[in-house]
Amino acid sequence: MAKSKQQKLNRTSHIPYDKRPKPKRSQTTMRPASHLKSARSPQRAPSIPFAHTDRILLVGEGDFSFTHALHTRHDCRSLVATCYDSAAELAEKYPQSSRYIHDLEEAARENHSVMDIKILYGVDATKLGKSLPAGGGKLVKKGGFDRVMFNFPHVGGLTKDVNRQVRYNQGKLLVGFFKAASSLLTPTGTIVVTIFEGEPYSLWNIRDLARHVGLQVGRSFKFQPEAYQGYRHARTLGNIDGGRGWKGEGRDARTYVFERKGMGRTQTQQAKPTRDGNKSSDSDEDD
(Lines give C-alpha, C1' and ligand atoms only; values in the text may rest on other atoms or scores of the structure.)
Protein backbone atom coordinates (compact mmCIF):
# COMPACT_ATOMS: atom_id res chain seq x y z
CA MET A 1 0.00 0.00 0.00
CA ALA A 2 1.30 3.49 -0.82
CA LYS A 3 2.59 5.51 2.11
CA SER A 4 0.13 8.41 1.63
CA LYS A 5 -2.86 6.05 1.67
CA GLN A 6 -1.56 4.35 4.83
CA GLN A 7 -1.20 7.69 6.60
CA LYS A 8 -4.74 8.67 5.61
CA LEU A 9 -6.13 5.43 7.05
CA ASN A 10 -4.19 5.96 10.29
CA ARG A 11 -5.64 9.46 10.67
CA THR A 12 -9.24 8.23 10.41
CA SER A 13 -9.02 4.84 12.07
CA HIS A 14 -9.60 6.25 15.56
CA ILE A 15 -12.76 8.20 14.50
CA PRO A 16 -16.05 6.37 15.12
CA TYR A 17 -17.63 5.14 11.88
CA ASP A 18 -20.75 7.28 12.15
CA LYS A 19 -18.60 10.41 12.70
CA ARG A 20 -16.39 9.94 9.69
CA PRO A 21 -16.81 12.39 6.80
CA LYS A 22 -19.12 11.13 4.11
CA PRO A 23 -17.78 10.81 0.54
CA LYS A 24 -18.84 13.52 -1.89
CA ARG A 25 -21.74 12.59 -4.12
CA SER A 26 -21.62 12.99 -7.85
CA GLN A 27 -23.38 16.05 -9.19
CA THR A 28 -24.92 13.92 -11.97
CA THR A 29 -28.59 13.11 -11.33
CA MET A 30 -29.56 9.60 -12.33
CA ARG A 31 -32.78 9.50 -14.33
CA PRO A 32 -35.08 6.48 -14.23
CA ALA A 33 -34.79 4.01 -17.09
CA SER A 34 -38.42 4.64 -17.99
CA HIS A 35 -37.53 8.24 -18.81
CA LEU A 36 -34.81 7.16 -21.19
CA LYS A 37 -37.09 4.62 -22.83
CA SER A 38 -39.85 7.13 -23.44
CA ALA A 39 -37.36 9.67 -24.76
CA ARG A 40 -35.90 7.21 -27.23
CA SER A 41 -39.14 5.44 -28.22
CA PRO A 42 -41.99 7.93 -28.76
CA GLN A 43 -45.44 6.37 -28.92
CA ARG A 44 -46.26 5.21 -32.42
CA ALA A 45 -49.26 6.67 -34.16
CA PRO A 46 -52.19 4.25 -34.47
CA SER A 47 -52.16 2.04 -37.56
CA ILE A 48 -55.16 2.69 -39.79
CA PRO A 49 -55.66 -0.09 -42.40
CA PHE A 50 -57.63 1.94 -44.92
CA ALA A 51 -57.73 5.26 -46.74
CA HIS A 52 -60.68 7.63 -46.69
CA THR A 53 -61.08 7.10 -50.44
CA ASP A 54 -61.46 3.30 -50.10
CA ARG A 55 -64.72 1.53 -50.82
CA ILE A 56 -65.30 -0.37 -47.59
CA LEU A 57 -67.64 -3.23 -46.68
CA LEU A 58 -68.19 -3.64 -42.94
CA VAL A 59 -69.47 -7.02 -41.76
CA GLY A 60 -70.99 -8.00 -38.43
CA GLU A 61 -71.44 -4.48 -37.10
CA GLY A 62 -72.94 -4.24 -33.62
CA ASP A 63 -74.37 -0.81 -32.84
CA PHE A 64 -72.73 0.84 -35.90
CA SER A 65 -70.54 3.06 -33.73
CA PHE A 66 -67.47 1.85 -35.64
CA THR A 67 -69.03 2.73 -39.00
CA HIS A 68 -69.98 6.10 -37.53
CA ALA A 69 -66.36 6.68 -36.45
CA LEU A 70 -65.06 5.82 -39.92
CA HIS A 71 -67.25 8.53 -41.39
CA THR A 72 -66.93 11.25 -38.72
CA ARG A 73 -63.33 10.68 -37.63
CA HIS A 74 -61.70 9.42 -40.84
CA ASP A 75 -63.90 11.03 -43.50
CA CYS A 76 -64.70 7.71 -45.19
CA ARG A 77 -67.34 8.34 -47.86
CA SER A 78 -68.01 4.98 -49.50
CA LEU A 79 -69.34 2.58 -46.89
CA VAL A 80 -71.59 -0.46 -47.00
CA ALA A 81 -72.20 -1.37 -43.37
CA THR A 82 -74.00 -4.61 -42.50
CA CYS A 83 -75.18 -6.38 -39.38
CA TYR A 84 -76.44 -9.91 -38.74
CA ASP A 85 -79.54 -8.76 -36.84
CA SER A 86 -82.78 -7.56 -38.34
CA ALA A 87 -83.67 -3.89 -37.81
CA ALA A 88 -86.03 -4.83 -34.97
CA GLU A 89 -83.50 -7.12 -33.29
CA LEU A 90 -80.82 -4.46 -33.56
CA ALA A 91 -82.99 -1.81 -31.91
CA GLU A 92 -83.76 -4.17 -29.05
CA LYS A 93 -80.16 -5.30 -28.49
CA TYR A 94 -78.48 -1.93 -29.03
CA PRO A 95 -80.89 1.00 -28.49
CA GLN A 96 -78.01 3.42 -29.07
CA SER A 97 -77.64 2.17 -32.66
CA SER A 98 -80.54 4.34 -33.85
CA ARG A 99 -78.51 7.48 -33.17
CA TYR A 100 -75.52 6.31 -35.22
CA ILE A 101 -77.66 5.06 -38.10
CA HIS A 102 -79.64 8.30 -38.20
CA ASP A 103 -76.42 10.36 -38.42
CA LEU A 104 -75.03 8.16 -41.20
CA GLU A 105 -78.21 8.23 -43.26
CA GLU A 106 -78.56 11.99 -42.82
CA ALA A 107 -74.98 12.52 -43.97
CA ALA A 108 -75.60 10.38 -47.05
CA ARG A 109 -78.79 12.29 -47.93
CA GLU A 110 -77.24 15.72 -47.49
CA ASN A 111 -74.10 14.86 -49.45
CA HIS A 112 -75.37 12.26 -51.90
CA SER A 113 -73.22 13.61 -54.74
CA VAL A 114 -69.95 12.82 -52.93
CA MET A 115 -71.00 10.28 -50.34
CA ASP A 116 -72.32 6.73 -50.62
CA ILE A 117 -73.27 5.19 -47.27
CA LYS A 118 -75.62 2.21 -47.07
CA ILE A 119 -76.91 0.27 -44.04
CA LEU A 120 -78.02 -3.35 -44.53
CA TYR A 121 -79.69 -5.64 -41.99
CA GLY A 122 -79.83 -9.43 -41.70
CA VAL A 123 -76.58 -10.07 -43.56
CA ASP A 124 -74.70 -13.33 -42.86
CA ALA A 125 -70.91 -12.96 -43.06
CA THR A 126 -70.60 -16.44 -44.57
CA LYS A 127 -73.09 -15.74 -47.38
CA LEU A 128 -71.85 -12.39 -48.66
CA GLY A 129 -72.84 -11.71 -52.25
CA LYS A 130 -75.83 -14.03 -52.28
CA SER A 131 -79.51 -13.10 -52.51
CA LEU A 132 -81.20 -10.83 -50.00
CA PRO A 133 -81.31 -10.64 -47.11
CA ALA A 134 -78.58 -13.03 -46.01
CA GLY A 135 -75.96 -12.03 -48.60
CA GLY A 136 -76.62 -8.33 -48.98
CA GLY A 137 -78.01 -8.67 -52.51
CA LYS A 138 -76.77 -6.78 -55.58
CA LEU A 139 -75.19 -4.01 -53.53
CA VAL A 140 -72.71 -6.46 -52.03
CA LYS A 141 -72.58 -8.97 -54.89
CA LYS A 142 -71.14 -6.48 -57.37
CA GLY A 143 -68.00 -6.41 -55.19
CA GLY A 144 -65.23 -3.97 -55.99
CA PHE A 145 -64.34 -3.39 -52.34
CA ASP A 146 -60.91 -2.14 -51.35
CA ARG A 147 -61.42 -3.33 -47.77
CA VAL A 148 -63.75 -5.86 -46.20
CA MET A 149 -63.69 -5.39 -42.43
CA PHE A 150 -64.95 -7.70 -39.68
CA ASN A 151 -64.39 -6.52 -36.11
CA PHE A 152 -64.48 -9.11 -33.31
CA PRO A 153 -66.20 -11.97 -35.14
CA HIS A 154 -68.01 -14.37 -32.82
CA VAL A 155 -70.93 -16.75 -33.17
CA GLY A 156 -72.35 -15.76 -29.80
CA GLY A 157 -73.39 -18.04 -26.96
CA LEU A 158 -74.16 -21.20 -28.93
CA THR A 159 -72.37 -23.27 -26.31
CA LYS A 160 -70.32 -22.84 -23.14
CA ASP A 161 -67.93 -25.60 -24.19
CA VAL A 162 -64.67 -23.88 -25.23
CA ASN A 163 -63.67 -26.54 -27.77
CA ARG A 164 -67.05 -26.38 -29.47
CA GLN A 165 -66.94 -22.58 -29.53
CA VAL A 166 -63.52 -22.74 -31.20
CA ARG A 167 -64.86 -25.10 -33.87
CA TYR A 168 -67.96 -22.96 -34.46
CA ASN A 169 -65.92 -19.78 -34.83
CA GLN A 170 -63.34 -21.49 -37.02
CA GLY A 171 -65.37 -23.60 -39.41
CA LYS A 172 -68.81 -22.05 -39.39
CA LEU A 173 -67.83 -18.41 -39.25
CA LEU A 174 -64.29 -17.43 -40.21
CA VAL A 175 -63.62 -19.92 -43.00
CA GLY A 176 -67.01 -19.16 -44.55
CA PHE A 177 -66.38 -15.43 -44.22
CA PHE A 178 -62.91 -15.61 -45.79
CA LYS A 179 -64.25 -17.54 -48.78
CA ALA A 180 -67.17 -15.20 -49.33
CA ALA A 181 -65.23 -11.96 -48.79
CA SER A 182 -62.33 -12.92 -51.08
CA SER A 183 -64.57 -12.85 -54.14
CA LEU A 184 -65.70 -9.28 -53.39
CA LEU A 185 -62.27 -7.63 -53.36
CA THR A 186 -60.57 -5.48 -55.96
CA PRO A 187 -57.30 -6.97 -57.31
CA THR A 188 -55.35 -5.20 -54.54
CA GLY A 189 -58.10 -5.37 -51.92
CA THR A 190 -57.60 -6.71 -48.38
CA ILE A 191 -59.65 -8.33 -45.63
CA VAL A 192 -59.25 -6.75 -42.19
CA VAL A 193 -60.16 -8.79 -39.10
CA THR A 194 -59.74 -7.75 -35.46
CA ILE A 195 -59.92 -10.27 -32.60
CA PHE A 196 -59.02 -10.28 -28.93
CA GLU A 197 -55.62 -11.59 -27.90
CA GLY A 198 -55.10 -14.64 -25.67
CA GLU A 199 -57.31 -17.68 -25.21
CA PRO A 200 -59.74 -18.77 -26.44
CA TYR A 201 -59.18 -16.50 -29.46
CA SER A 202 -55.59 -17.64 -30.00
CA LEU A 203 -56.97 -21.18 -30.37
CA TRP A 204 -58.79 -20.14 -33.52
CA ASN A 205 -55.47 -20.12 -35.43
CA ILE A 206 -56.75 -17.38 -37.68
CA ARG A 207 -53.58 -17.32 -39.81
CA ASP A 208 -53.95 -20.98 -40.73
CA LEU A 209 -57.65 -20.61 -41.49
CA ALA A 210 -56.89 -17.81 -43.94
CA ARG A 211 -54.01 -19.75 -45.50
CA HIS A 212 -56.31 -22.65 -46.37
CA VAL A 213 -58.49 -20.37 -48.50
CA GLY A 214 -55.64 -18.68 -50.38
CA LEU A 215 -54.95 -15.72 -48.07
CA GLN A 216 -51.91 -14.60 -46.14
CA VAL A 217 -51.25 -12.02 -43.42
CA GLY A 218 -49.76 -8.91 -44.97
CA ARG A 219 -49.35 -7.25 -41.57
CA SER A 220 -50.82 -7.15 -38.10
CA PHE A 221 -50.83 -4.57 -35.34
CA LYS A 222 -52.35 -3.72 -31.98
CA PHE A 223 -55.91 -2.48 -32.26
CA GLN A 224 -56.23 0.97 -30.68
CA PRO A 225 -59.91 1.87 -30.17
CA GLU A 226 -59.02 5.45 -29.28
CA ALA A 227 -58.21 5.97 -32.97
CA TYR A 228 -61.96 5.65 -33.63
CA GLN A 229 -63.49 8.38 -31.51
CA GLY A 230 -66.97 7.47 -30.31
CA TYR A 231 -66.58 3.75 -30.98
CA ARG A 232 -67.48 1.27 -28.25
CA HIS A 233 -67.25 -2.50 -28.45
CA ALA A 234 -70.69 -4.12 -28.69
CA ARG A 235 -71.28 -7.60 -27.32
CA THR A 236 -72.68 -10.17 -29.75
CA LEU A 237 -75.56 -10.82 -27.34
CA GLY A 238 -76.38 -7.13 -26.89
CA ASN A 239 -76.07 -4.57 -24.11
CA ILE A 240 -75.84 -5.75 -20.53
CA ASP A 241 -79.04 -5.11 -18.57
CA GLY A 242 -78.95 -1.88 -16.63
CA GLY A 243 -76.51 -0.24 -19.03
CA ARG A 244 -73.46 -1.55 -17.21
CA GLY A 245 -70.19 -1.81 -19.12
CA TRP A 246 -68.57 -5.01 -20.27
CA LYS A 247 -65.28 -5.97 -18.63
CA GLY A 248 -63.86 -7.33 -21.89
CA GLU A 249 -63.91 -3.87 -23.43
CA GLY A 250 -60.43 -3.06 -22.17
CA ARG A 251 -58.90 -6.31 -23.33
CA ASP A 252 -55.97 -6.21 -25.77
CA ALA A 253 -56.90 -6.91 -29.37
CA ARG A 254 -55.03 -7.34 -32.63
CA THR A 255 -55.89 -6.44 -36.20
CA TYR A 256 -54.85 -8.70 -39.09
CA VAL A 257 -54.73 -7.49 -42.68
CA PHE A 258 -55.15 -10.42 -45.07
CA GLU A 259 -54.22 -10.34 -48.73
CA ARG A 260 -54.28 -12.84 -51.56
CA LYS A 261 -51.24 -15.12 -51.59
CA GLY A 262 -48.49 -13.77 -53.77
CA MET A 263 -49.89 -10.25 -53.78
CA GLY A 264 -46.82 -8.96 -51.96
CA ARG A 265 -46.57 -5.87 -49.84
CA THR A 266 -49.92 -4.11 -49.79
CA GLN A 267 -50.45 -0.43 -50.41
CA THR A 268 -51.90 -0.04 -46.93
CA GLN A 269 -48.64 -1.41 -45.52
CA GLN A 270 -46.64 1.52 -46.88
CA ALA A 271 -45.74 4.29 -44.47
CA LYS A 272 -48.29 7.07 -44.74
CA PRO A 273 -48.59 10.44 -43.02
CA THR A 274 -50.89 10.67 -40.04
CA ARG A 275 -52.84 13.73 -38.92
CA ASP A 276 -49.85 15.00 -36.92
CA GLY A 277 -47.50 14.65 -39.89
CA ASN A 278 -45.63 11.60 -38.61
CA LYS A 279 -45.27 8.45 -40.67
CA SER A 280 -46.44 5.06 -39.60
CA SER A 281 -45.00 1.87 -41.12
CA ASP A 282 -45.86 -1.66 -40.25
CA SER A 283 -44.93 -5.27 -40.99
CA ASP A 284 -46.51 -8.46 -39.75
CA GLU A 285 -46.40 -8.55 -35.94
CA ASP A 286 -45.00 -5.02 -35.97
CA ASP A 287 -46.13 -3.89 -32.52
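Me: In which sense do S5 and strand S7 pair, parallel or antiparallel?
Reply: This is a predicted model. Strands of a sheet pair through backbone hydrogen bonds, in one of two senses. S5 and strand S7, residues 253-260, are joined over 6 bridges, and one position facing S7 is isoleucine 191, which stands opposite phenylalanine 258. The sense of the S5 and S7 pairing is antiparallel.

Me: Which strands are the edge strands of the sheet?
Reply: The open sheet has 7 strands with mixed pairing, in the order S3-S2-S1-S4-S5-S7-S6. An edge strand here pairs on one side only. The edge strands are strand S3 (116-120) and strand S6 (215-222).

Me: By what angle are neighbouring strands of this sheet turned against each other on average?
Reply: The sheet is open and its strands pair in a mixed way. With direction ignored, the average turn between neighbouring strands is 15°.

Me: Which strands each supply at least two residues of the lining of the largest cavity?
Reply: The structure holds 1 cavity of 30 Å³ or more, and the volume of the largest cavity is about 30 Å³. Its lining includes Met149, Asn151, Val192 and Thr194. The strands that each supply at least two lining residues are strand S4 (145-151) and strand S5 (185-196).

Me: How many residues of the lining of the largest cavity are charged?
Reply: Among the lining residues are Pro49, Phe66, Phe223, Tyr228 and Thr255. The lining divides into 6 nonpolar and 3 polar residues, and the number of charged ones is no residue at all: none.

Me: Are the rings of phenylalanine 50 and tyrosine 228 stacked or tilted?
Reply: A pair of aromatic rings is described by the distance of the centres and the angle of the planes. Phenylalanine 50 lies in the loop between helix H2 (33-40) and strand S1 (55-59), and tyrosine 228 lies 178 residues away in the loop between S6 and S7. Their ring centres are 6.5 Å apart and their planes stand at 35°, so the pair is tilted.

Me: Why does the pair of phenylalanine 223 and tyrosine 228 count as stacked?
Reply: The ring centres of phenylalanine 223 and tyrosine 228 are 5.9 Å apart. Planes under 30 degrees apart count as stacked. The pair is therefore stacked because its planes stand at 15°.

Me: Is phenylalanine 50 buried or exposed?
Reply: Ring pairs link phenylalanine 50 into a cluster that includes Phe223 and Tyr228. Tyrosine 228 has a relative accessible area of 4%, and phenylalanine 223 has 8%. Buried means under 20% relative accessible area. Phenylalanine 50, at 3% relative accessibility, therefore counts as buried.

Technical notes. Residues are numbered from 1 along each chain as its sequence is written. This is a predicted model: local features need pLDDT of at least 70, side-chain atom pairs count only at pLDDT 80 or more; totals for chains, interfaces and linings use all residues. Side-chain values use heavy atoms; hydrogens and water are left out. On a 1 Å grid over the protein atoms alone, a cavity is a set of points where a 1.4 Å probe fits but cannot get out, and a pocket is an open set with protein on both sides within 12 Å along at least five of seven lines; lining residues have an atom within 4 Å of a point. Grid points are joined across faces, edges and corners, and a volume is the space filled by probe spheres set on the points. Helices (H or I, at least four residues) and strands (E, at least two) are DSSP runs, numbered from the N terminus. Ala, Val, Leu, Ile, Met, Phe, Trp, Tyr, Cys and Pro count as nonpolar, Asp, Glu, Lys and Arg as charged, and the others, Gly among them, as polar. Two strands pair if DSSP finds at least two bridges between them. Axes are lines fitted to C-alpha atoms, for helices over the stretch in contact, and angles run from 0 to 180 degrees between N-to-C directions. Rings of Phe, Tyr and Trp (its six-membered ring) pair if their centres lie within 6.5 Å; planes under 30 degrees apart count as stacked, over 60 as edge-to-face and the rest as tilted. Buried means under 20% relative accessible area, exposed over 50%, partly exposed in between (1.4 Å probe, protein chains only).
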